[in-house]
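Trainee: I'd like a close look at just one part of this model, taken slowly. Could you walk me through it once I've put it on the screen?

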Amino acid sequence: MSEALLSIQDVAVELPTPRGTLRAVDHVDLSLEAGRTLGIVGESGCGKTMLSRAILQLLPKKAKLSGRVMFAGQDLVRLAPERLRRLRGRDLAVVFQDPMTSLNPVLTIGTQLIETIQEHLELDALAAKRRSIELLTAVGIPAPEQRLAQYPHQCSGGMRQRIAIAIALSCEPKLLIADEPTTALDVTIQAQILDLLAREQRRRHMAMIIITHDLGVVAGRTDEVAVMYAGRVVERAPTPALFKRMHMPYTEALLAAIPKLETAPHTPLPAISGRPPDPTRPVPGCSFAPRCRYAAGRCHQAKPELVAGETAGHVYACFHPIQMAEGVGA
Amino acid sequence: MLNFVVRRLLYLVPVLAAVSLLTFLIASLLPGDLAYVILGDQATPEKVAALRHDMGLDQPMWWRYLSWLGQVLQGDLGRSFRTGQTVLQAVAERIPVSIELMLLAEIIGLAIGVPLAIACAARAGGAFDRFMTGTAFAMLSVPSFLSAILLIYLFAVELRWLPATGYVPLSEDPLANLRFFVLPALTLALAEWPGIMRVLRSDMIATLQEDYISLAKAKGLKPARILFVHALKPSSLTLVTITGINIGRLIGGALIVESIFALPGIGRLLVGAIYTRDLIILQGVVLLVAAGFVIMNFIVDMLYAVLDPRIRHGHA
């Protein structure tokens, strides 16, 4: 096993709100090796986006971040702003959820691409422009030369997300974080964008984190999946192992909530009943217990820790794991 | 884009028509018969009636408006019955003074307001931001005649750096001309910068919350580039509006400042016309100033399109 490119150690994010402190990310540990892909899956509000912002050091000013984010041997949390700036965009890139708002409306696509390239790479204007055209071609944009002079509003949503990906790829990053890259797009475009990301990830041997609420997005596109709930990682496993045998009832419920083609029409989707817990009022036991159909007395009193499953690299936090012989769980 | 310009130009027609009607009404509805004003104490009823007939004052008001409008459209705004000067001559003589004053005031106002707004927005809620917001609020409530007197006292009386009043044409001696303009322009600018700062500051703070600013940070751009290239331009729309309105207002609105500093501009012309009841000059100057104001706002609309490509392309 090689040295991890990214290692998140005991990261917690707290946000002050009028109703009290909100713990958005609750002591998360994750790591990712160079060239590998990690999916982070969870419902809205589970802390997955806050976790990605914590990695990028782009949290809101009021947020309190603790723990360590080790990236290529440096702790991003304690890195001097100028060194962090040189890392961002070059080794560490991001694609945001909504391409309608993540590109600057008053700057041309060319400006937004070229400024990134010229900030980090020693290229003159002409070489930077040539590189921009190559990048736009690589992400599947026709007539790239004309696109450079256009503004974001002259492009469709899928086109804009391709441009955002081109910007992210522009300096050959070691790690790309894609934060719900397809949530704001038409269904027909979603698979194209995901396939584009997967293809470029393999071609450039970069590590990638895909953040999504859709287990279907990470299936077959990631090496490992971490499922988050109420700010914590509740199950983590190599992707094939997870889909073969998931242990955490929440993961099962997430998977069941995806509509399937073979389901008969008008069958109600098995949605997860109830709502995620109020993150300003932590519960003493398992935070999924109030919504969990397997929950028993113990689940409401003690917080389950992550324990190893049967497959190597599979961990889960549950007292009553499913698809396991009774009594094997901690 | 051409379509956009033509559409905006067409909007100007009804606005200018309304402006001309209002201007005409102001002058016509003022108490006191123009014929009496012109003839003074020696007026006999026969002389007054004859003059009224000559000037068309015995015609119905709508007729007088239309014939005045007809003359205006031919470029004839009338002639002062006191000096014999035409309105256009009088305005042409004084407009360079007013334009210079207004431009200098606006430049100084922007030079103070814009950097302060950016500095405040970059650290919104910080000590500097709170201090400057308070200062701007205080400055907003200082009337210009007061700051004029304070500036004269400080720079003309105590320090003796600058002249208190007077004027030299720009063509004669540019440097001396500028010395006469510093204090009046500064007086006006002191009233302008707080508005500029407050508007730009709040727009910048809103812009800095945008996703594309987060992305600009994630791209590793320098903080100065994020502030000046990514945030300033999309935050400038309201700033352009108020700058445009300010400029329009300052063309004719610098009455007090021009009077205090004895600058022979449009403001002084207007004040003089009011004192001497020179209604032709009054009416003509008000019309020209109002038209200037409307045209200024047209230019502002055009600037929007320069700043925001979405407007240029007919989106949003």
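In which sense do β10(A) and β12(A) pair, and over how many bridges? Please take that strand pair as the starting point and work outwards through the sheet.

Mentor: Happy to, and keep in mind that this is a predicted model. β10(A) and β12(A) run antiparallel to each other, and 2 bridges hold the pairing. One of the partnerships to look for is Glu235(A), which is matched in β12(A) by Tyr316(A).

Now look at β10(A) itself, residues 232-238 of chain A. Of its 7 residues, 6 are buried, so the strand is largely enclosed by the rest of the structure. Its other pairing is with β9(A), again antiparallel, this time over 6 bridges. Here you can pick out Glu224(A), whose bridge partner in β10(A) is Pro238(A). β9(A) and β10(A) make a hairpin with 2 residues between the strands, and in that hairpin Ala230(A) takes a positive phi near 50°.

Go back to β12(A), residues 315-316, and step the other way. There you meet β11(A), joined to β12(A) by 2 bridges in an antiparallel arrangement. Ala308(A) has Val315(A) of β12(A) as its bridge partner.

Now zoom out. These strands belong to an open sheet of 8 strands in chain A, with mixed pairing, and the order is β6-β7-β8-β3-β9-β10-β12-β11. The edges are β6 (92-95) and β11 (307-308), each of which pairs on one side only. Helix α1(A), residues 48-56, packs on this sheet and touches β3, β6, β7, β8 and β9 of chain A. The direction of α1(A) makes about 150° with that of β7(A). Helix α7(A), residues 157-169, packs on the sheet too, touching β6 and β7 of chain A, and its direction is at about 175° to that of β6(A).

One residue outside the strands is worth a click as well: Gln201(A), in helix α8(A), which spans residues 187-204. Gln201(A) counts as buried because it has 21 C-beta neighbours inside 10 Å, and the cut-off for buried is 20 or more. Setting aside its neighbours within four places in sequence, the contacts of Gln201(A) are Thr37(A), Leu176(A), Met206(A) and Met208(A). Thr37(A) falls in β3 (37-41), Leu176(A) in β7 (175-179) and Met208(A) in β8 (207-212), so following Gln201(A) brings you back to the sheet you started from.

Terms used. Residues numbered from 1 in each chain as written. Chains lettered and ligands numbered in written order. Predicted model: local features only at pLDDT ≥ 70, side-chain atom pairs only at ≥ 80, totals over all residues. Pairing = 2+ DSSP bridges. Helix = DSSP H or I, 4+ residues; strand = E, 2+ residues; numbered from the N terminus. Contact = placed C-beta atoms within 7 Å. Axes fitted to C-alpha atoms, helices over the stretch in contact; angles between N-to-C directions. Buried ≥ 20, exposed ≤ 12 C-beta atoms within 10 Å, placed from the backbone.
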